[in-house]
Every structure is written in structure tokens, then in C-alpha cells.
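Student: Could you take me through the aromatic pairs in this one, up close? I'd like to know where the rings sit and how they face each other.

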Amino acid sequence: MYVAEAANVLAPAYAALVQKGFSIRTSGPYMIAERGSDRFVAEDPLRLLGLVALTECRGSDWRVTDEEVEEFTAKFG
């Protein structure tokens, strides 16, 4: 599979969020995805889906440790 960030992934990202049970609305330049007490805010549906995936992988304690920051910085500056 090969998928790249482009305009043609915005509608599928929106559809995936809806499929996951989120309601989507806009507020100024932002999109807001809400499901129960969860709320995610981003500039487009792909970024919203990324935030959802982040918390699905890492849970409510999604922040990184000092070691993870160091690893990221060493690899990507």
C-alpha cells in the first residue's frame, strides 16, 4: 500500500472519523471531532484522524517521556 498526504485523502479521513462515531463541526478555521467526552481540534480531517490515532495508540497519557523526546530529536533534529 502507498498513501501520501494530499487533497484526495481528506474525504476518506472524514469518513473514517464518522465511521468511528465522531460528529464533526467547524469553528472558525478549525474542525472539531467529538465523541462522548472526547474532543479533538485540528485544521483538517486528516490531522483530526491523526490525533485520534495518537490517543488510540498511547491512551489518555499520550505525552512523551524525556527519553522519547531525545530519541525523536536525535533522529529528526
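**The aromatic pairs**

Tutor: Sure. This is a predicted model, and the structure holds two aromatic pairs. Let's start with F22 and F40, whose rings meet edge-to-face, with 5.7 Å from centre to centre and 75 degrees between the planes. The label follows from the angle, because planes over 60 degrees apart count as edge-to-face. This pair links distant parts of the chain: F22 sits in the loop between α1 (10-19) and β1 (23-27), while F40 belongs to strand β3 (residues 38-42), 18 residues apart. As for exposure, F22 is buried, and F40 is too.

Now for F72 and F76. Their rings are tilted, with centres 5.3 Å apart and 45 degrees between the planes. Here 45 degrees counts as tilted because it is neither under 30 nor over 60. Both residues lie in helix α3 (residues 66-76), four residues apart, which is about one turn of the helix. F72 and F76 are both exposed.

While you're looking around β3, have a peek at D44 as well, in the loop between β3 and α2 (45-58). D44 counts as buried because its relative accessible area is 17%, and the cut-off is under 20%. A polar atom of the D44 side chain lies 3.0 Å from the backbone nitrogen of L46, and the D44 side chain also gets to the backbone nitrogen of R47, at 2.8 Å. Leaving aside residues up to four places away in sequence, D44 touches L10 and M31.

Terms used: Residues are numbered from 1 along each chain as its sequence is written. This is a predicted model: local features need pLDDT of at least 70, side-chain atom pairs count only at pLDDT 80 or more; totals for chains, interfaces and linings use all residues. Side-chain values use heavy atoms; hydrogens and water are left out. Rings of Phe, Tyr and Trp (its six-membered ring) pair if their centres lie within 6.5 Å; planes under 30 degrees apart count as stacked, over 60 as edge-to-face and the rest as tilted. Helices (H or I, at least four residues) and strands (E, at least two) are DSSP runs, numbered from the N terminus. Buried means under 20% relative accessible area, exposed over 50%, partly exposed in between (1.4 Å probe, protein chains only). A polar contact is a pair of N or O atoms within 3.5 Å; within protein, one must be able to donate a hydrogen and the other to accept it, and residues adjacent in sequence count only if both atoms are side-chain atoms. Contact means heavy atoms within 4.5 Å.
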